[in-house]
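I opened my notebook to look up how the metals are held here. Come and read along; I keep my entries short.

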Amino acid sequence: MRRGTTIYLYELFWILPSIAIPVGMLVALVVFTFGAGVHLPGDHGRVEPTAVLATPPFDQPGTVQVGPGQYEVRMVSGIWSFAPNEIRVPAGSTVTFVAASRDVLHGLFIPRANVNVMLIPGQVAHVTTRFDRPGEYPFFCHEYCGIAHHTMWGKVIVEPASKADRHDGDSAS
Amino acid sequence: MTEADAAPDLTPENRLTAAYLVVALVSLFVGVSLGLFQALEHAGIDLYPWLLPIIKSYYHGLSLHGVLNVLVFTTFFISGFLQFITARSLRIPLWNRGLAWATFWLMTGGLILAAVPLVGNAATVLFTFYPPMKAHWAFYVGLTLVVVATWLVTLTLVCTYRAWRARNPEVRTPLPAWMALVTFVMWTIASLGLAAEMLFMMIPWSLGMVAGTDALVARVLFWYTGHPIVYFWLLPAYISWYTLVPRQAGGKLFSDPLARVSFLLFLVLSTPVGFHHQFTDPGIGQGWKLLHAFFTFGVFFPSLLTFFSIVASLENGGRARGGRGWVAWFGKLPWGDPSLAAQVLSMILFAFGGIGGLINASFTMNLVIHNTAWIVGHFHLTVGTAVALTFMGITYWLVPFLTGHQLWSRRLGLAQAWLWFIGMAIMSHAQHRLGLMGMPRRTMIGAAPYVQPEWRSLLPFVAIGGTMLFVSAMLYFANMLLTAVASREAAVIEVPFAEALSGPEHAPVILDRWRPWLVLAVALIAIAYGPTIIRLVTTTPFTTPGFRVW
Ligand code: HEM
Ligand SMILES: [Cu+2]
Ligand SMILES: [Cu+2]
């Protein structure tokens with residue numbers, strides 16, 4: 001039996017879009033990733049999982065200012081809480097979370113700030129985001145970590161830019 | 001050759017397949033029953049206290065739901081179905097029936113061993129069992145035996161194929177048997193990560209032979225298998241869509257060579273993509289993640305090819321039945337056949353699942369939805385519908401075939417398929433949107449102190465859709481049970497293998513060769529995984545202790 005040309009054309013008719021669609025999406029993805037400078041969590045070294053609380057910076061969990069408008073949150077997760085679980089920064093801050101787990105897997109998920117990272121025992125997680133609008137940004141543990149996993153959460157409280165700043169703004173107007 | 005030569009007695013193969021189906025369906029029954037409780041819990045209806053003598057917590061139930069539905073139901077169904085398909089399409093018995101039965105009992109033994117701690121709340125670690133949560137050793141050993149049994153299924157299929165090949169040196173392998181073989185070969189390569197995790201890490205650690213483990217190494221090995229396992233579930237559904245559904249729709253498969261191309265691409269591309277489940281993991285370089293994202297887009301090619309081929313085959317059927325126009329032929333499909341209706345409905349939801357999959361794989365978009373309810377919505381469309389509802393659709397002809405009894409009720413079957421379709425559309429839609437609103441998955445939401453006001457209006461739809469799904473599942477099990485025990489009419493059924501418009505004689509010879517494709521598959525895996533695995537294994541101190549946190 002000879003193969004009909006119609007079937008052949010038909011096949012091509014399906015094959016071409018099957019290639020074009022993924023390639024198109026891939027290009028869009030690469031342009032978007034590099035163009036917008038979005039980063040995924042990468043390799044930021046290890047921390048000995050049995051000695052997290054004795055290893056800087058995790059021996060002193062908390063929020064520290066590291067520059068003008070720049071903060072670093074040193075965070076330790078463990079069943080079933082984050083330390084710190086309440087973080088205050090002024091609006092317009094850039095915040096880097098340096099986080100680790102001292103027991104099982106956890107996750108740090110701040111939906112309204114596009115932070116989504118796994119906290120893996122032995123690994124140091126490192127993510128940076130900006131908080132522009134004042135308000136409360138809840139964060140959740142989004143990996144199953146045991147019987148009270150659903151109670152593990154906290155919030156970032158973004159305060160209006162400080163009184164002094166606002167005063168400047170007022171007098172200028 | 002006479003007809004008698006060509007059709008040996010395959011009754012023993014039927015019995016083997018029936019045995020696998022019984023275990024698969026019992027597991028699915030328990031699995032979906034627990035799904036109902038999860039869905040209701042999300043809407044604030046906590047019925048877990050009722051289950052207390054057996055199910056100790058939401059997470060205990062969720063571990064059972066995940067393990068039974070996606071590890072046990074799928075594996076047993078696929079092993080039974082593809083051995084059946086192979087013997088039937090090659091028209092020869094399985095290579096060694098003793099081995100085939102021993103494999104079944106090994107798999108079942110593994111399941112029972114794993115089930116004891118799982119049911120006993122000693123393995124409430126969810127179906128991903130990430131360390132350093134530490135379950136009872138029997139859970140890991142049991143699951144490992146199930147994996148080893150799947151390798152023996154591969155052995156059976158390979159030897160059966162070779163026995164056939166020796167007698168038919170020049171012929172192209174019939175498509176269904178060839179696809180079944182590709183599926184199990186792909187799975188065997190893909191399962192090596194899980195096997196390594198179990199044999200070198202989880203089993204010695206849970207037995208106390210080594211003190212520590214490492215969470216990241218375990219995750220890398222787990223997801224080496226964890227992505228291609230979805231193709232292990234999906235390809236058998238595709239086998240039905242490519243080689244059986246066209247006939248059931250009254251038409252022919254559109255192109256046999258195109259079907260072979262897509263399966264070979266799955267063989268090559270299924271595995272080197274696992275980091276797309278670890279985009280948000282620290283400890284893996286961004287460059288490697290990007291490479292896996294690239295390959296992930298590569299696997300969309302055979303997926304789209306499959307989608308187009310199947311639509312074209314259905315169209316062929318619809319037109320052969322008098323359908324006209326651009327879309328009107330769709331209505332002419334034999335919608336009164338529950339087997340066809342279930343499978344076509346599952347394809348429709350799968351199309352949405354595919355679009356969602358593109359988003360999941362999109363690197364940066366993944367940050368929005370990773371580990372949220374969106375993912376739960378996504379895989380209930382893919383494995384929970386494209387796979388599960390297709391498998392149910394297959395049993396609407398397969399169980400009558402195996403038992404020799406007519407399906408107890410065709411109309412009940414139709415109602416079941418539509419109810420699953422509608423219930424899943426509702427539940428999954430709500431879960432997708434909840435995920436976009438930041439609701440985490442694997443979480444006892446009804447008891448969470450942080451439920452956001454905007455989630456509240458959608459959570460009831462999880463319960464409504466979930467309840468419809470549960471009712472659908474119960475109709476299904478009732479129909480199957482009654483077909484087996486109460487149906488009196490004898491069934492006259494043949495396996496609905498489809499012919500092709502463009503047949504196997506048009507396939508280039510390279511498509512029937514194995515070595516080049518296997519070499520390519522292994523090479524891509526070495527490139528995508530080699531450097532990261534070598535770095536991790538050589539630099540990681542395995543010091544993480546285990547925890548029981550449930
Ligand atoms: C009656 C039908 C079903 C209902 C109502 C249902 C409901 C649910 C719900 C609400 C969850 C989310 C739990 C959470 O994230 O906390 C879930 C998880 C899940 N479901 Fe289903 N489901 C059903 C059927 C299925 C089927 C047929 C499959 C696959 C064959 C399946 C596979 C899964 C898996 C793998 C998970 C994730 C478990 C985990 O995160 O560890 N489900 N299901
Ligand atoms: Cu958690
Ligand atoms: Cu995947």
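**Entry 1: the copper ion in chain B**

I started at H227(B), which is buried, with a relative accessible area of 9%. My cut-offs: buried means under 20% relative accessible area, exposed over 50%, and partly exposed in between, with a 1.4 Å probe and protein chains only. H277(B) counts as partly exposed at 22%.

Before going on, I noted that this is a predicted model, in which local features need pLDDT of at least 70 and side-chain atom pairs count only at pLDDT 80 or more, while totals for chains, interfaces and linings use all residues. Residues are numbered from 1 along each chain as its sequence is written, chains are lettered from A and ligands numbered from 1 in the order in which they are written, and side-chain values use heavy atoms, leaving out hydrogens and water.

Which residues coordinate the copper ion (ligand 3)? I found H227(B) through ND1, and H276(B) and H277(B) through NE2, at 1.7 to 2.1 Å. Donors are N, O and S atoms within 2.8 Å of the metal (3.2 Å for Na, K and Ca); water is not among the atoms, so sites may look incomplete. Along the chain, the donors of ligand 3 follow the spacing H-x48-H-H. H227(B) sits in the loop between helix 9 (215-226) and helix 10 (228-243) of chain B, and H277(B) in the loop between helix 12 (256-269) and helix 13 (286-320), so the pair links parts of the chain 50 residues apart.Helices (H or I, at least four residues) and strands (E, at least two) are DSSP runs, numbered from the N terminus.

**Entry 2: the iron atom**

Next I looked up the iron atom of ligand 1. Its protein donors are the NE2 atoms of H65(B) and H380(B), lying 2.0 Å from it. H65(B) belongs to helix 4 (residues 58-90) of chain B and H380(B) to helix 16 (residues 373-403) of chain B, so the pair ties together parts that are 315 residues apart in sequence. I found H65(B) buried at 12% relative accessible area, and H380(B) buried at 15%.

Why is the arrangement octahedral? The six donor atoms around the iron atom of ligand 1 subtend angles of 85 to 179°, which makes it so. The rule I used: six donors count as octahedral, and four as square planar, if opposite donors are over 155 degrees apart and all others between 65 and 115; four count as tetrahedral if all angles lie between 85 and 135 degrees, and anything else is irregular.

I also checked polar contacts (a pair of N or O atoms within 3.5 Å; within protein, one must be able to donate a hydrogen and the other to accept it, and residues adjacent in sequence count only if both atoms are side-chain atoms). A polar side-chain atom of Y58(B) lies 2.5 Å from an oxygen atom of ligand 1. R442(B) uses a backbone N or O atom, 2.7 Å from an oxygen atom of ligand 1.

**Entry 3: the copper ion in chain A**

For the copper ion (ligand 2), I listed the protein donors as C141(A) (SG), E143(A) (O), C145(A) (SG) and H149(A) (ND1), at 2.1 to 2.5 Å. Is this site tetrahedral or irregular? It is tetrahedral, with angles of 86 to 124° among its four donor atoms. The donors follow the spacing C-x1-E-x1-C-x3-H along the chain. Both E143(A) and C145(A) are buried.

**Entry 4: a serine in chain A**

I stopped at S101(A), in strand 5 (residues 93-101) of chain A. S101(A) is buried, with a relative accessible area of 0%. Its side chain reaches the backbone oxygen of V104(A) at 2.5 Å.
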